[in-house]
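Thanks for passing this one along. Here are my notes as numbered points, to be read with the model open beside you.

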Amino acid sequence: MIDLFLRSIFADNLILSFFLGVCTFLAVSRRVDTAVGLGVAVIFIQTITIPLNGLIYSNFLIEGAWAWLGLPDIDLSYLKLIAFIGVIAAMVQVLEMFLDRYMPALHRAVGIYLPLVTVNCAILGGSLFMVERQYGFSESIIFGLGGGIGWALAIMALAAIRQRLAYADIPDGLRGLGIAFIITGLMSMSFTVFGTLHFR
Amino acid sequence: MSDTLKRLYDPLIDQNPITVQILGICSALAVTTSLDTALTMSAALTVVLMAGNVTISAIRRHIPTSIRLIVQITIIASLVIVIDQVLQAVAFDINRRLSIFVSLIVTNCLILGRAEAFAMHNPVGPSLFDGLSNGLGYSLILILVGSVRELFGTGELFGHVVLPTVAQGGWYAPLNFMLLAPSGFFILGLLVWAIRAWRPRQVEKNEFAAATAIAETNRGRT
C-alpha cells in the first residue's frame with residue numbers, strides 16, 4: 001500500500017511520466033499561490049472521483065455486472081467514458097456547492113479552479129488507469145490521493161521555479177513556453193529516479 | 001479564397017494548436033515514442049475534431065448557454081467512443097499501445113477549445129475547415145516529435161531499419177533516453193524555440209523587462 005502510494009506520487013507521477021494535465025500545468029503555473037489552489041482542488045477531486053468511478057465501473061458497467069437481474073451477457077464497459085466524465089463534472093459541482101455552504105474561506109481560495117479541474121486530463125486519466133490496472137476499492141483511494149498529491153507537488157515546484165525565472169536572462173525564443181517545457185523535462189528526469197526506490 | 005487559404009495555413013505554424021495556443025499537449029507527448037502511434041493518434045484526433053466541430057456548429061443555436069459545456073463534452077465523448085471501438089476492431093495492436101490516450105481525447109483541451117472558440121459561433125462549413133486545419137497543425141507537431149524520438153531511440157522509422165543499430169551488427173548505438181518521458185518535454189521545448197527563432201512574432205514578452213519598465217516610469221513620476 002505504502003509502495004503504491006509513493007509510486008503514484010513520485011515514480012508514476014501523472015504529469016511527469018504520463019503527461020496528464022500538462023495543459024493546465026503550463027497555463028496555471030505562473031504564480032505559486034494559484035498553483036497551490038489548483039493543486040489542492042486536484043487532490044480533493046482525485047481522491048473522491050477515482051474510488052467513486054471504481055465502484056460505478058465494477059458494479060454497473062463491467063461485463064456480468066447485471067447478472068443478478070438475469071442479464072449476464074450485458075457488457076457496458078464501453079460507456080465508461082461518458083459515465084466517468086459525468087461523475088467528475090457532477091462531483092466538481094457538488095464539491096463547489098458544499099464548500100460554498102460550509103467552508104466559505106476555502107471556497108474563496110480554490111473555488112475558481114474547480115471548473116478547470118473538470119477538463120483536466122489527469123482526473124479522467126486517473127480513473128482510466130484505475131480501470132486498466134484493475135485496482136480494488138482501497139487501492140483506488142490510495143492511488144487517487146497519491147496521484148493528486150504528485151500532481152500538486154509538480155505544479156507547485158514548477159510555479160516556484162518559473163517565478164524565479166522572471167529574473168533570468170533567457171534567449172528570446174525560449175522565453176515562456178519553451179523554457180517551461182525544458183524545466184519540466186529536467187523535473188521529469190529527477191522524478192524517474194524515484195522509480196528505482198522500493199518501500200515495503 | 002485567400003481568406004480560406006489563410007485559415008488553412010494559420011494553424012500549421014502561426015496559430016499552431018500545440019506550440020502557440022498551448023492546447024492538447026498531454027497526448028502529444030505521450031503517444032510520440034513511435035511514428036505509427038503518433039500517426040494513429042493524429043488521425044483519430046483530426047476525425048473527432050472535425051466531426052465534433054460540425055455537430056456542435058450544426059446545433060449551436062439550440063444549445064442553452066448555461067449547459068453548453070456538458071452538451072459539448074457529451075457529443076465529444078460519444079464520438080471518441082466510436083473512434084475507440086473502430087480502432088479496437090481495425091488496429092487492435094496499436095490501440096493497445098495507445099493505452100488510455102485514445103479515451104483521453106475527450107478531455108483534450110484542443111477539441112473543447114475549438115468547439116468553444118470557433119464552432120459555437122460559426123456555420124458548419126467553416127467549422128469543418130477549422131477542425132481539419134487545427135487537426136493538421138496538431139498532426140504536424142506529433143509527426144515531427146514522433147519521428148525524432150523513434151529514429152534516434154530505436155534507429156527505425158515505422159519499424160523499418162534506417163540507422164542499423166549495434167545490436168544488429170550496425171554502427172548506431174540507440175539513445176534509450178529518447179523513449180523515456182523527459183525527452184518528450186525536451187524535444188517539444190526545443191521545437192518551440194526553433195519555431196520562434198524562425199517566426200520571432202511568437203516570442204513572449206519579457207515579464208521582467210516589462211516590470212522594470214513600469215517601475216522606472218513610476219519612479220520618474222514621483
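Which residues line the largest cavity? I take that up in point 1; please keep in mind throughout that this is a predicted model.

1. The largest cavity draws on both chains. From chain A come L20(A) and C121(A), while the chain B part of the lining is G24(B), C26(B), S27(B), F101(B), L104(B), N108(B) and C109(B). The volume of this cavity is about 50 Å³. Sorted by class, its lining holds 6 nonpolar and 3 polar residues, with no charged ones.

2. How many cavities of 30 Å³ or more does the structure hold? There are 2. The second largest cavity encloses about 30 Å³ of space. Around that space sit L26(A), R30(A), R162(A), G176(A) and L177(A) from one chain, joined by I22(B) and E204(B) from the other. Here the lining does include charged residues: the split is 3 nonpolar, 1 polar and 3 charged.

3. Now for the contact between the chains. Chain B brings 41 residues to it and chain A brings 40. The size of an interface is often given as the accessible area lost when the parts come together. For chain B and chain A the buried area is about 3700 Å², and carbon and sulfur atoms account for 79% of it. On the chain B side, the residues that lose the most area to chain A are I100(B), T107(B) and F185(B), which together make up 18% of what that side buries.

4. You may want to look for polar links across this interface. The count of salt bridges between chain B and chain A is 0. Residue pairs in polar contact between the two chains also number 0, with both partners required to have pLDDT 80 or more. That confidence cut-off belongs with the polar-contact count whenever it is quoted.

5. Which elements of chain B give two or more residues to the side that touches chain A? They are helix 2 (25–30), helix 4 (68–90), helix 6 (109–119), helix 8 (181–198) and helix 9 (207–221) of chain B. Helix 8 of chain B gives the largest share, with 10 residues. Taken by class, this side of chain B has 28 nonpolar, 9 polar and 4 charged residues.

6. Turning to the open spaces, the largest pocket has a volume of about 820 Å³. Its lining counts 28 residues, and those nearest the centre are Y57(A), K80(A), L128(A), V131(A) and E132(A). Two or more lining residues come from each of helix 3 (32–61), helix 4 (80–102) and helix 7 (121–132) of chain A, and likewise from helix 4 and helix 5 (92–98) of chain B. The lining of the largest pocket is made up of 14 nonpolar, 10 polar and 4 charged residues.

7. The second largest pocket holds about 480 Å³. Of the 20 residues in its lining, A89(A), Q93(A), T118(A), L69(B) and I70(B) lie nearest the centre. At least two lining residues each are supplied by helix 4 and helix 6 (114–118) of chain A and by helix 4 of chain B. Which element gives the largest share of this lining? Helix 4 of chain A does, with 8 residues. By class, the second largest pocket is lined by 13 nonpolar, 5 polar and 2 charged residues.

Notes:
Residues numbered from 1 in each chain as written. Chains lettered and ligands numbered in written order. Predicted model: local features only at pLDDT ≥ 70, side-chain atom pairs only at ≥ 80, totals over all residues. Heavy atoms only, no water. Contact = heavy atoms within 4.5 Å. Buried area = accessible area lost by both parts, 1.4 Å probe. Salt bridge = Lys/Arg side-chain N within 4 Å of Asp/Glu carboxyl O. Polar contact = N/O pair within 3.5 Å; in protein donor to acceptor, adjacent residues only side chain to side chain. Helix = DSSP H or I, 4+ residues; strand = E, 2+ residues; numbered from the N terminus. Nonpolar A, V, L, I, M, F, W, Y, C, P; charged D, E, K, R; others polar. 1 Å grid on protein atoms, 1.4 Å probe; cavity = no way out; pocket = protein on both sides within 12 Å on 5 of 7 lines; lining within 4 Å. Points joined across faces, edges and corners; volume = space filled by probe spheres on them.
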